[in-house]
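Reader: I should be grateful for a close look at one part of this model, with its surroundings described in a connected way. Please begin with the pairing of the strands and proceed from there to whatever adjoins the topic.

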Amino acid sequence: MNSALEDLLAVLRFPSISTSSENAADVRNCAEWIAAKLTGMGLSAAIHQTVKHPVVVAKSKPQPGKPTVLIYGHYDVQPVDPLDQWQTPPFQPDIRDGRIFARGATDNKGQFMSHLCGVEQTLAEHGELPLNVIFLIEGEEEIGSPNLAPFLREHRSELACDIIAISDTGMVAPGVPTFTYGLRGIACLEVHVHGPTIDLHSGIFGGSVGNPNTMLAKLVAAVHDAHGRIQIPGFYNAVRDVHEWEKEAWTKLPGEAETLRLTGVPALWGEAGYSDLECRWARPTAEVNGIGGGYQGEGSKTVIPRSAFAKFSFRLVPDQDPDDIIKNVQTFFAKMAPDCVRVEIKPGHSGPPYSMDPHSVYGKAAQRALRATFDREPALIREGGSIPIVQSFNDILGSDTLLLGLALPDCQMHAPNENFTISNYEAGIRLNRRLLQELAM
Ligand code: BES
Ligand code: MN
């Protein structure tokens, strides 16, 4: 096995789940492994503790007069549940059919490690890099990067760069190089519906006491109309239209049939009047990521639960502002709340949408690297997912971000049996090596 692959397997063995406090030591150990690796490559690396999880920063030997690229990645991962759906344990990477199966294989350990190994190989071959490289690998992306923007502000001059590169997005299909010029933003919040002070016998009290599950279901159902349009006043105010050239370009990409195949749903759903890709990449959404209340065990239990909850995330598009959206949503639920229950809203993390000009000088350089690596014309796309820090890079460091994704449509990110193909790992390493050359110009 080659050393790049061994290194990836080593990083994948850390259960660095950022949302789970039980895993705090694993998160820390993962950061330490990465810092040690970067130090071993000859970069000056440091671990910066934040209020929560550490950030790893490493810099190559300064070469004055050369441009600087900051390569961002995240070593934290999503939780692994439902565990019984995994074919092999999530933190014991397993290689089957040319794929590495493990939590974080694609999102994002496999992708940032391809950059790290690309830099390592370039140094091994040439003794120096064609430009300055800063690695910024954080441990809180999957919880909304709450401490990274303050960190950027504090270390602004140390992190000054001409351009940022990230591989943490998707490829439209295997072998198709993909340049992403837009990401959706996100705003999360929880709705809690409180009813009686204790769980009640649903025979004795049912009929005159409002059931929190029912009241919550009404609130959830009020969010969309029958055409998939969000009913929250002001929600679409800042939404920009999709450009005609985008609509046109996206008709050539795998669309509805592919989405049906990948997801296994019997039919698609969505905002009337927009294509599948427009709905996923360029229109805002409201999703219920979790919902609960009352008896979840075996058989029946006749109870009116004392409370119920729903965890919402809203995906946002340019120029929606997460704070405005949270306010609008709060006002909406407060107004819709029936008198028989008390509705409490708990705002969560958020991050703005991002978009850049794909034809900028660095955008074109990145597309040359993609074209050369995959020997094919790159697809230009937006993505529906979010990387909350990307817009802050613009605001705080003043640099654009090149999104050069290596995730395949069937990589199962955030789901059981997440995987990364070895061939994409290797392509990612070649992409990084070429990117360094192209950005140095
Ligand atoms: N890598 C993803 C984002 C992504 C996935 C972008 C696919 C484009 C295509 C990232 O790690 C992620 O999952 N982000 C979270 C952010 C959230 C938890 C703040 C997301 O999008 O849900
Ligand atoms: Mn993710």
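Author: In this predicted model, strand β5, which spans residues 99–101, is joined to β18 by three bridges, and the two strands run antiparallel. One of the residue pairs can be named: F101 has N419 in β18 as its bridge partner. The pairing belongs to an open sheet of three strands, in the order β4-β5-β18, with antiparallel pairing. The edges of this sheet are β4 (94–96) and β18 (419–421), each of which pairs on one side only. From one strand to the next, the twist averages 25 degrees.

Two helices lie across this sheet. Helix α1, residues 3–12, lies across β4 and β5 and runs at about 20 degrees to β5. Helix α12, residues 422–440, lies across β4, β5 and β18, and its direction makes an angle of about 65 degrees with β18.

The loop between β3 and β4 contains F91. With a relative accessibility of 15%, F91 counts as buried, because the limit for that class is under 20%. Setting aside residues up to four places away in sequence, F91 touches L12, R13, F14, P15, S16 and I17, and also V77, V80 and R103. L12 in that list falls within the range of α1, residues 3–12. F91 and A105 stand 14 residues apart in sequence, and their C-alpha atoms are 9.7 Å apart in space.

A105 falls within the range of helix α3, residues 105–126. This helix is mostly covered, with 16 of its 22 residues buried. Just after α3 comes G127, which takes a positive phi of about 80 degrees.

Further along the chain is strand β6, residues 132–138. Seven of the seven residues of β6 are buried, so the strand is largely enclosed by the rest of the structure. The side chains divide between two directions: N132, I134, L136 and E138 point one way, V133, F135 and I137 point the other way, and all are buried. Strand β2 (residues 55–59) is joined to β6 by four bridges and runs antiparallel to it. In that pairing, F135 in β6 has A58 opposite it. Strand β3 (residues 68–74) is joined to β6 by seven bridges, and here the two strands run parallel. The bridge partner of G73 in β6 is I137.

After β6 the chain enters the loop that leads to α4 (148–154), and this loop holds E142. S145 lies in the loop between β6 and α4 as well. S145 counts as buried, because its relative accessibility is 5% and the limit is under 20%. Neighbours within four places in sequence left aside, S145 is in contact with Y72, E138, E140, P388 and I389. Of these contacts, E138 is among the β6 residues that point the same way as N132, I134 and L136, while Y72 falls within the range of β3, residues 68–74.

E142 brings the description to the metal site. The manganese ion (ligand 2) is coordinated by D107 through OD, by E142 through two OE entries and by H414 through NE2, at 1.9 to 2.7 Å. Along the chain, the donors follow the spacing D-x34-E-x271-H. The pair D107 and E142 links distant parts of the chain, since D107 is in helix α3 and E142 in the loop between β6 and α4, 35 residues apart. Both D107 and E142 are buried. The site has six donor atoms, the angles among them run from 53 to 155 degrees, and its geometry is irregular. For comparison, ideal angles for six octahedral donors are 90 or 180 degrees.

The cysteines complete the account. A search of the whole structure finds zero disulfides. The sulfur of C188 is 20 Å from the closest cysteine sulfur, that of C411, which is too far for a bond because a disulfide requires sulfur atoms within 2.5 Å. C411 is in no disulfide either, its nearest cysteine sulfur being that of C30, 18 Å away. C188 is buried at 14% relative accessibility, and C411 is buried with a relative accessible area of 4%.

Terms used
Residues are numbered from 1 along each chain as its sequence is written. Chains are lettered from A and ligands numbered from 1 in the order in which they are written. This is a predicted model: local features need pLDDT of at least 70, side-chain atom pairs count only at pLDDT 80 or more; totals for chains, interfaces and linings use all residues. Side-chain values use heavy atoms; hydrogens and water are left out. Donors are N, O and S atoms within 2.8 Å of the metal (3.2 Å for Na, K and Ca); water is not among the atoms, so sites may look incomplete. Four donors count as tetrahedral if all angles lie between 85 and 135 degrees; four count as square planar and six as octahedral if opposite donors are over 155 degrees apart and all others between 65 and 115; anything else is irregular. Buried means under 20% relative accessible area, exposed over 50%, partly exposed in between (1.4 Å probe, protein chains only). Contact means heavy atoms within 4.5 Å. Two strands pair if DSSP finds at least two bridges between them. Axes are lines fitted to C-alpha atoms, for helices over the stretch in contact, and angles run from 0 to 180 degrees between N-to-C directions.
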